[in-house]
Amino acid sequence: MARGDLTDEQWALIEPHLPIAAVGPIPDLRKHFNAVMWRFRTGSPWRDLPSEFGPWQSTYDRFRIWVGQGTFQQLMEAVIAEAAARGETDMGLVSVDSATSRAHHHAAGMILEAEQLAALEAAVESEKGAHRRNKSRERGSDNGERAERRRIRRRHRARLKAAELGRSRGGLTSKIHLAADRRCRPLAFVLTPGQAGDSPQFVPVLERIKVRGPVGRPKTRPDAVAADKAYSSRRNRRYLRKRGIRGVIPEKVDQAANRKKRGSRGGRPVSHDVDLYTERNTVERCINRLRNWRGIATRFDKTPQSYEAGLHLCGAMLWLRSIAPHS
């Protein structure tokens, strides 16, 4: 068994959740799974898989089948459910944060169908607003060359949006929004372009938390949620109050000043549990654990589905090794 491969105990927990075709020969799923883990741990190209894993094309084809079926997200949820059945989950405090992942230039150039690209271009154009289009019409000096440049820029933005990539000073980036428990284990992921704000993704991340127990409905509501000042907004606090979740989010200085300026109309002062807030570092430690896999720290995958699959795979391994340690 090579370094990083699954033990027999770990494989016994994973194997029931890996689908196989109804017809044809039964593949060596354990070898394929270990190969996928090796690829995300090292960040190497698929073609550079060691020979002991077999043909790289077979592993890649198996990986694409699993991605299309949502196997890795289901696997992470299943491992969390196994931890819940063993009484090793803690929903007392969940921390939310984000991390930026630099995208390698190999991650650019995702292939899109013509119809999909046209729809994305229309969506990008509509986001710019009607006032810009009216302004360009009033000028009346747009020639064919200028229109072509606008079309190329619009198509470029549409491709980046479809691939969940954003452009910043450092180049192409993606942003990982996640929630983690007290033992630095991820509960949910949301992938966005790198320039996306943190606060708007607070609710989507919490909506994806699902901890299935032995009986009853899955638990989706933690007792408390901790986050830094970037998540301090009325919308987020209103969402937490509506669901009966204790918010551990400090108030921004400018928000406090505006509230005081309004006097009694500004509402009550915002407070948070300082002791609970000190445990928010668990999500930052979880991010560091995810980045131990070089294929997660740097994005090499062209499609967001493949990169998200790597996130769920790494998250499943963090949960698995907390309940079935590597010997």
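Buried means under 20% relative accessible area, exposed over 50%, and partly exposed in between (1.4 Å probe, protein chains only). The model here is predicted: local features need pLDDT of at least 70, side-chain atom pairs count only at pLDDT 80 or more, and totals for chains, interfaces and linings use all residues. Residues are numbered from 1 along each chain as its sequence is written, and side-chain values use heavy atoms, with hydrogens and water left out.

**Exercise 1.** Decide whether cysteine 286 is buried or exposed, and list its contacts beyond its sequence neighbours.

Solution.
- Step 1: find the residue. Cysteine 286 sits in helix H12. Helices (H or I, at least four residues) and strands (E, at least two) are DSSP runs, numbered from the N terminus.
- Step 2: apply the cut-off. The relative accessible area of cysteine 286 is 0%, so this residue is buried.
- Step 3: list the contacts (heavy atoms within 4.5 Å). Leaving aside neighbours within four places in sequence, cysteine 286 touches Leu178, Ala180, Cys184, Arg185 and Pro186.
- Step 4: check one distance. Leucine 178 is 108 residues from cysteine 286 along the chain, and their C-alpha atoms are separated by 9.3 Å.

**Exercise 2.** State where cysteine 184 lies and what is notable about its phi.

Solution.
- Step 1: cysteine 184 is in the loop between strand E3 (171–180) and strand E4 (186–193).
- Step 2: its phi is near 60°, a positive value in a residue other than glycine.
- Step 3: cysteine 184 has a relative accessible area of 1%, so it is buried.

**Exercise 3.** Classify the ring pair of tryptophan 38 and phenylalanine 53.

Solution.
- Step 1: recall the rule. Rings of Phe, Tyr and Trp (its six-membered ring) pair if their centres lie within 6.5 Å; planes under 30 degrees apart count as stacked, over 60 as edge-to-face and the rest as tilted.
- Step 2: count. The structure holds 9 aromatic pairs.
- Step 3: apply the rule. Tryptophan 38 and phenylalanine 53 are 6.4 Å apart, centre to centre, with 50° between the planes, and the pair is tilted.
- Step 4: place the partners. Tryptophan 38 is in helix H2 (residues 29–42), and phenylalanine 53 is in the loop between H2 and helix H3 (56–68), 15 residues apart.
- Step 5: judge burial. Tryptophan 38 is buried at 18%, and phenylalanine 53 is buried at 8%.

**Exercise 4.** Do the same for tryptophan 46 and tyrosine 60.

Solution.
- Step 1: the centres are 5.5 Å apart and the planes differ by 70°, which makes the pair of tryptophan 46 and tyrosine 60 edge-to-face.
- Step 2: tryptophan 46 is in the loop between H2 and H3, while tyrosine 60 is in helix H3, 14 residues apart.
- Step 3: tryptophan 46 is buried at 10%, whereas tyrosine 60 is partly exposed at 28%.
- Step 4: both belong to one aromatic cluster, formed by Trp11, Phe33, Phe40, Trp46, Tyr60, Phe63, Trp66 and Phe72.

**Exercise 5.** Describe how H3 and helix H14 (residues 304–323) cross.

Solution.
- Step 1: the axes are lines fitted to C-alpha atoms, for helices over the stretch in contact, and angles run from 0 to 180 degrees between N-to-C directions.
- Step 2: the axes of H3 and H14 come within 10 Å and cross at roughly 90°.
- Step 3: H3 is therefore roughly perpendicular to H14. Angles under 35 degrees count as roughly parallel, over 145 as roughly antiparallel, 65 to 115 as roughly perpendicular and the rest as oblique.
- Step 4: H3 contributes Phe63, Arg64 and Val67 to the contact, and H14 contributes Gln305, Ser306 and Ala309.
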